[in-house]
Amino acid sequence: MKGMTVVVKTVSSWVKVLIFLFGIYIILFGHLTPGGGFAGGVILASSYVLLMLAFGRDLVEANLPLPVASKLDCLGAFLFAMIGVLGLVFGGVFFVNFLYQKYVPQEPFDLVSGGAIPLSNMAIGLKVGASLFLVIFALTVFRYDFQDGGRKTAVADGAEQQKE
Amino acid sequence: MPYALCFLLFMIGLYCAVVKKNMVKIVLGIMIMEYAVNLFLIMLGYLSGGVAPIINRADYDGQTQAIAAQFLNASVDPLPQALVLTSIVISLGSLALMISICIRTYAKYGTFDITEIRRLRG
Amino acid sequence: MALFYIYILLLFMVIAAIIAVETKDLLSAVICVGAIGFGGSLMFLFLRAPDIAITQIVVEVLGLIILIRATIARDLTFITGDREFFGTVVSVVILLVIVVAGIRVFNTMPEFGVPVFARIPETASQVYISRGLADTGATNVVTSVYLDYRAYDTLGEATVLFTAVIGATAILRSKSRKRLEESEA
């Protein structure tokens with residue numbers, strides 16, 4: 001399958017930017033308005049899934065290769081754990097909010113407020129988005145093998161193992 | 001009583017997961033149970049006539065750093081919402097894991113029927 | 001008025017669940033589960049939980065994509081009938097026992113619309129609401145709970161998601177690494 005019709009391709013090439021921007025907005029304003037790292041990360045993943053469904057697998061694989069997505073996933077988890085360790089170093093307790101009212105001057109209702117909470121939101125968003133993208137990409141890869149006759153060989157492999 | 005309907009939803013999911021023999025149907029039953037449990041937890045924290053637990057600018061006094069009493073008395077419970085928020089994303093991850101097991105089983109045996117699979121094993 | 005909408009949506013979800021369980025076609029069952037999810041998202045909006053509503057509606061879209069990817073273009077989507085007789089009878093009896101136990105639990109349930117923290121003073125939720133802004137600086141109280149007061153919870157969530165993704169990619173890899181090296185060599 002090399003993608004869908006030209007209507008779907010055109011519309012999704014316009015909409016993908018808006019979806020990605022909306023995900024970034026949801027992540028950045030997670031401590032002021034409804035939303036946060038979880039919802040924003042899933043929205044970021046869904047923009048890439050839209051590209052994958054509309055244009056086929058090769059374009060997405062050229063834009064965001066599988067090793068890069070896997071490294072982003074690990075980077076998000078590592079950053080979130082590092083925020084906890086930094087709280088241990090600077091505040092004395094694991095996961096204490098070490099930036100709040102201590103190193104950065106900040107007012108409530110501003111974008112830069114809440115100390116380490118926006119940083120945690122970004123790390124969580126990166127982690128959730130990359131890992132969900134990885135799962136759906138893996139499902140797609142296996143389905144392509146399936147259509148190229150992979151199913152026949154897979155079933156044949158199963159039959160051979162039954163005889164053994 | 002909304003709790004009773006929520007319990008009915010949970011029981012439908014449990015029936016589907018226990019009785020059906022199609023693998024994808026079992027996954028769907030587990031998903032229905034997840035929805036029911038999330039809904040029940042949020043319902044436990046609902047205050048009738050309440051507002052969402054997000055502080056407005058009007059409810060906050062900048063000088064004394066105090067929050068207005070009308071928000072304190074009207075806000076719904078934020079604790080179950082924070083628990084359910086993580087639970088929803090975990091349910092998506094576990095759904096992907098279960099579906100990948102189903103696809104792999106289909107590629108190996110050519111069917112979703114668990115009784116067929118058991119007979120082939122035996 | 002909100003209670004009326006809540007009843008309507010719950011009835012909608014129950015009907016969709018019954019259709020999803022009893023229909024023969026697998027794709028229809030998947031779409032009915034999607035209807036339950038979107039109804040639940042609306043329910044969360046009426047229950048004053050906008051964070052959960054946003055997350056649920058986005059997760060539902062991705063979950064539907066995963067489920068349809070699994071069920072479409074498979075040959076044997078029509079599997080009728082239940083398991084063998086004895087196992088079905090035993091499971092139905094266990095279900096009835098759970099129903100009876102659940103009906104007894106309903107007597108101890110609080111009234112709908114009165115949360116636990118409104119009746120008991122000095123619970124954790126009241127501390128989160130009254131001191132969340134002063135302690136963490138985040139105006140969204142839910143965010144201040146799951147990223148500051150209970151950040152261990154989120155760390156555990158990240159671990160579970162990581163494990164699930166590793167498991168899914170390891171299961172779905174079409175060739176094992178050993179066989180791949182043999183074919184290249």
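# A tour of the predicted complex, from a helix pair in chain C

Begin by selecting helix 2 (residues 26-46) and helix 3 (50-71) of chain C in this predicted model: the axes of the two helices come within 8 Å and cross at roughly 175°. Since angles over 145 degrees count as roughly antiparallel, that crossing makes helix 2 of chain C roughly antiparallel to helix 3 of chain C.

Now show the side chains between the two helices. From helix 2 of chain C, the residues that meet helix 3 include C:L26, C:L27, C:V30, C:F38, C:F44 and C:L45, with C:G34, C:G37, C:G40 and C:S41 also on the list. On the facing side, helix 3 of chain C contributes C:P50, C:I52, C:A53, C:Q56, C:I57, C:E60, C:L64, C:L67, C:I68 and C:T71. Sorted by class, this contact has 13 nonpolar, six polar and one charged residues.

Next, select C:R48, which is found in the loop between helix 2 and helix 3 of chain C. Is C:R48 buried or exposed? With 24 C-beta neighbours inside 10 Å, C:R48 counts as buried, the threshold for that class being 20 or more. Look at the backbone here as well, where phi of C:R48 is near 65°, a positive value in a residue other than glycine. Most residues other than glycine have a negative phi.

Before leaving chain C, colour it by confidence: the pLDDT of chain C averages 83, and 88% of the residues score at least 70. For the complex, the predictor gives an ipTM of 0.87 and a pTM of 0.86.

Display chain A beside chain C, where 32 residues of chain C are in contact with 43 residues of chain A. On the chain C side, at least two residues each are supplied by helix 3 (50-71), helix 6 (124-136), helix 7 (141-149) and helix 8 (151-172). The side of chain C that touches chain A has 20 nonpolar, nine polar and three charged residues.

Within chain A, select A:F95, in the loop between helix 4 (66-91) and helix 5 (117-163). A:F95 is not a glycine, yet it has a positive phi of about 65°, and it is buried, with 24 other C-beta atoms within 10 Å. Move then to A:V15 in helix 1 (residues 6-28) of chain A, which is partly exposed, with 13 other C-beta atoms within 10 Å. A distance drawn from the C-alpha atom of A:V15 to that of A:F98, 83 residues apart along the chain, comes to 39 Å.

Turn last to chain B, which has five helices and two strands, running α-α-β-β-α-α-α from the N terminus on. The radius of gyration of chain B is 22 Å, well over the 14 Å that the globule rule gives for 122 residues, so chain B is more spread out than a compact globule. Its C-alpha trace spans about 75 × 30 × 15 Å along the principal axes, and 49% of its 122 residues count as buried.

Finally, select the boundary between chains B and C, where 74 residues of chain B are in contact with 75 residues of chain C. The elements of chain B that give two or more residues to this side are helix 1 (2-19), helix 2 (23-44) and helix 4 (78-109), and the largest share, 23 residues, comes from helix 4 of chain B. By class, the side of chain B that touches chain C has 54 nonpolar, 14 polar and six charged residues.

Methods
Residues are numbered from 1 along each chain as its sequence is written. Chains are lettered from A and ligands numbered from 1 in the order in which they are written. This is a predicted model: local features need pLDDT of at least 70, side-chain atom pairs count only at pLDDT 80 or more; totals for chains, interfaces and linings use all residues. Two residues are in contact if their C-beta atoms, placed from the backbone, lie within 7 Å. Helices (H or I, at least four residues) and strands (E, at least two) are DSSP runs, numbered from the N terminus. Ala, Val, Leu, Ile, Met, Phe, Trp, Tyr, Cys and Pro count as nonpolar, Asp, Glu, Lys and Arg as charged, and the others, Gly among them, as polar. The radius of gyration is taken over C-alpha atoms; the globule rule is 2.2 Å times the number of residues to the power 0.38. A residue is buried if 20 or more other C-beta atoms lie within 10 Å of its own, exposed if 12 or fewer, and partly exposed in between; C-beta atoms are placed from the backbone. pLDDT is the predictor's confidence in each residue, from 0 to 100. Axes are lines fitted to C-alpha atoms, for helices over the stretch in contact, and angles run from 0 to 180 degrees between N-to-C directions. Angles under 35 degrees count as roughly parallel, over 145 as roughly antiparallel, 65 to 115 as roughly perpendicular and the rest as oblique.
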